[in-house]
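Thanks, everyone, for making time this morning. I would like to walk you through one structure, and I will pause for a moment so that you can look at the sequence and the coordinates on the screen.

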Amino acid sequence: MLNVKLLRDLSRMKGQAVTIALVVASGIGGFIGMLTAYDSLNGSRQSYYESTRFADLFSGVKRAPESLADPIVQLPGVSDAETTTLFDVTLDIPNVAEPVTGRMIGLTDGRPPRLNRLTLRRGRWIEPGERNEVLVSEGFAIARGLQPGDRLAALLNGKREELRIVGVALSPEYIYANRGGAFPDDKGFGIFWMERDGVEAAFNMEGAFNFVTLRLAPHAHAPAVISALDRLLAPYGGLGAYGREDQISHRILDQELNQLKVNATVFPTIFLGVAAFLLNVVLARQISTQREQIAALKALGYADRTIALHYLKFVLVIVSAGIAGGIGIGAWLGYYMTGMYTRFFHFPQLTYRIQPWIPLLAAAISLTAGVAAALQTVRRVASLPPAEAMRPPAPATFRRMILERLGWAHLLSSQTRMVVRTLERRPLRAALTTFGIASSIAIIIGGTFWGDAVDYLIRVQFDEIQREDADINFIEPLSEAVRYEIDEIPGVLYAEPSRSVPVQLRAGHRSYRTAVMGLPEKGKLRQLLDADRNPIPLPHDGLLLTDRLAARLGVKPGDRIEVESLEGKRTRRTLLVAGLVNDLVGMVGYMEIGALNRAMGEGNLISSVAVRVDRAGVDAFNARLKEIPAVATVGMKRTALETFEKESARNIFFFTTIVTIFAGAIAVGVVYNSARIALAERAWELASLRILGFTRGEVSALLLGELAAELILAIPFGLWLGYLLALGLVRSAHSENFIIPMVIAPRTYAYAVLAILIAGVVSALIVRNRIDHLDLVGVLKTRE
C-alpha cells in the first residue's frame, strides 16, 4: 500500500521531482564528465609514455662529441641514453606567405629513435641514405594541409634545402606543440625528422650532438643524475639538464590535467549541495502536509521504521532518477571534452573510458547527500506520536514586522506588507532559497568569466607588452649592425634589437633555468609593466624579474642572485634584483641590452630583432625573410594568436553553454520548488482571498512577490559569490607558463543575472498558471 502511495505522491509532485532530479543530474553529469575526461587523458598519457619509452631527463648542449654518449650511459642511475642533433629553422611552404618555424631532428640512419619513439600515422619511414626525406608532426601537417609526397623548403644553417615529406608522425615529446610560449602553435611550429647525417652536414655537426635524452633506472635519484650530466656536458657548452616536470609538453599537459581535476570537484559539489537542500525542503513540506496520513498509518499499525523508510524511498527514487540522467549526461560530456582536447594534445590513440568507480562514486555521493538531507525530516516522522499527528500543526507565532514596529508600515501597500511578513516569519527558508539562487548566479560567473580573462590576457600581453608584429631570431648572436639591415627590408616600419641569453638563476638553494632578455633602454616594442600596468624603466644596473620568477626563487627587489650564462663563456655574475615586472606569460629576467652584454663579457651583440610591419608590405617582408641565411626562425604574432583565439573561442562557448544550462537547472529547481511549496502551504489563504474578491493578479502577486524579493536579494549575493568562485578557480589554475588574470567584465555579470531572471520568470509563469486554475472550493473543503 505504501508503494502505491509513493507512486501517487510522485505523480502529484512530478514537477518538483523532475526539477530536483535535473539538479542532481547536472551535478552527476559535471562530475562524471570532467573526471572521466581527466582519467582518459591521464590514462592515455601514461600508456603513451610507456609504449614510446618517453625519456626522464633532457639536456641541450652547444656541441659535444658523439664519443661522450658512452660515458653518459654509464652514469649511475642511467638505464639508457640517446643523442641527436636538433635545430630550429625557417620553412618556406608552398602557398604560405609567411615564414614558418620548423624544428629539424636527426634520426640515426633514418631509424626510429630508441627513446621518445615515433608513431607513424601515415606514409612511410625515411629510406636510409635519403637526406631530403622528412617525417612531419601530425598537428602541423593537419594545420597546414600537408600530406606525404608534398614538398617544402627549409633554410638549414642559411642554405636552402628542398625537403620531401614521406610520412606523418607523432612524438611523446611534442604532445603539445610549443616552442616555449604558453599557447599551442600547430600552425606556426612544425617538427620534422630527417636523417641525422643530413642535419649534421647542414650544421657542421659531424660526429657531434647537441641534444641528449635519458631513461633512468628504477629507484635512480634524478637530481644526482642531473648534476652528474651537467658536469659531464659543461666543457662542451651544456645548457643544463632538466626532468620531465620541466619538459614543455609534459608540463603544460600536467597543468591542464590538474585544472580539470579541480573543476571536477568544485562545480559538482555546488550542484549536489543545492540538490540536498531542495530534497530537504521538499521532503519537510511533504511530511508537514501528510501529518494526518502519518497518524492514520501509525494507528493502523505501521511501524515508525516502515513509515520512515517510505519517505526515504521518496528521496531515493528522485535521486536515482537524477543519477541515471547524470550518468548519461556525464558520458556525453566526457566524450565531447576528450575529443576537444585532441585539438591541442596529440596522442596516437586518445581513448575515452568510463571506469566503473567514477559513476559508482558519483552515485554514492549523491545518495549520501540526498539521504543525509532527508534524515532529519525522516527522524521527525519516526518520533511523531499518532495523537499529535492527528492535530493540525500549531499555528505560527505572528508578531509585528520590523517596519510596523518602526512606524513605517504605512509606506507599504497591504499586499507588500503581507509579502514582507511572510519573509520575516520564515527567515531560514527565505535565506536558503536566496542562497540557492545566488549559487546559480555564482556558477554561471565561474563558468563564463574565462572569456574575459583570456581577452584581458591577450590585450595586455600581446598589445601592451609585446607590441611587435614579428620576432626574427638569428642562428648565432650577431653584431648590433644587423638591426639596420633588417630595418631596410621592404615592409618594415620599425626594428628593435634584443638579446636573449639562456641562464641558470640561483638564489640560495633555489635555482631556475630560464633566459635573460636584453632590451634597449628606450625601446618601443617591448614595454615592461608593474602590477598596476604602469610602465617600468629598465635599470642601468641589475635586472628585473617577473613576479612569479621572483617568488619561485624566493627573492625580492634589493636581493642579489647568481646568474650563470648557459652559452658562450658560461659567465657567472652576481646581479641585483632591481624590481619586478608583471608579465602574464613566461618567467624570464630583463636587463638593459648593453648591461647584459657587459655582464656576459661580450661586445654589442643581438640575438633577435622585433619589427613592426606595414600591412601593405607584409608579402614583400615575408618573401625577403625566407632568403636571409642568418635567420633561424621567425615568430609571427598574429598567426599564433589567430590559432589560439579560434580554439579558445570554441572552447569557451562550449563551457559557457554547458554551465549556463546546468546553472539554469539549479535556478529553476530552487525557484520552482519554492513557489510550489509556498503555493501548497498557502493555498487555503489564497483561495480565501479569491473568495473575498481579490483578483487572480493580486493573489499571484502575494506569492510571486515573495519569490521576487528572494530573487532580488540573491542577485548581489550571487555576484559576490561568483567573484569568490572565480577568484578560487584563478588561484587553482596558477601556472608557471602563464597567469590567468582575475578579470570579470560587466557583461559577464549582466549575462549571469539575465539568465537567472529568465529562469525565475519561467518558473513564476508556471506557478502563476497553477494559481489561475486553483480549485477554490476543493481547497476550502480540504481545510474544513
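I will go through a helix pair, a salt bridge, a surface patch and two backbone angles, keeping in mind throughout that this is a predicted model.

Let me begin with the helices. Two packed helices are described by the angle between their axes and the distance between the axes. Here the axes of helix α14, residues 427-465, and helix α22, residues 746-772, come within 8 Å and cross at roughly 150°, and the crossing in which α14 passes α22 is right-handed. On the α14 side the residues that meet α22 include I437, I441, I444, I445 and F449, together with D452 and D455, while the α22 side contributes, among others, R747, Y749, Y751, A752 and I756. Sorted by class, this contact has 10 nonpolar, three polar and three charged residues.

Helix α14 also takes part in a salt bridge, since E464 belongs to this helix. Its partner is R533, and the closest N and O atoms of the two are 2.4 Å apart. R533 sits in the loop between β14 (510-519) and β15 (543-546), so that the pair, 69 residues apart, links distant parts of the chain. Over the whole structure, the search finds 25 salt bridges.

Turning to the surface, which residues form the nonpolar patch there? They are F435, F717, W720, Y723 and L724, which together have about 480 Å² of accessible area. Helix α21, residues 696-732, gives the most to this patch, with four residues, and W720 has its place in that helix.

Finally, the backbone. Most residues other than glycine have a negative phi. N204, however, has a positive phi near 55°, and this residue lies in the loop between α5 (196-202) and β10 (208-216). H219, again not a glycine, has a positive phi of about 70°, and H219 is found in the loop between β10 and α6 (222-233).

Definitions and conventions: Residues are numbered from 1 along each chain as its sequence is written. This is a predicted model: local features need pLDDT of at least 70, side-chain atom pairs count only at pLDDT 80 or more; totals for chains, interfaces and linings use all residues. Side-chain values use heavy atoms; hydrogens and water are left out. Patches are made of residues with over 30% relative accessible area and no salt bridge: like charges are joined within 9 Å, nonpolar side chains (Val, Leu, Ile, Met, Phe, Trp, Tyr) within 5 Å. Accessible areas come from the Shrake-Rupley method with a 1.4 Å probe; for residues, only the protein chains shown count as cover. A salt bridge is a side-chain nitrogen of Lys or Arg within 4 Å of a carboxyl oxygen of Asp or Glu. Helices (H or I, at least four residues) and strands (E, at least two) are DSSP runs, numbered from the N terminus. Axes are lines fitted to C-alpha atoms, for helices over the stretch in contact, and angles run from 0 to 180 degrees between N-to-C directions. A crossing is left-handed if the near helix is turned anticlockwise from the far one by less than a right angle, and right-handed if clockwise. Contact means heavy atoms within 4.5 Å. Ala, Val, Leu, Ile, Met, Phe, Trp, Tyr, Cys and Pro count as nonpolar, Asp, Glu, Lys and Arg as charged, and the others, Gly among them, as polar.
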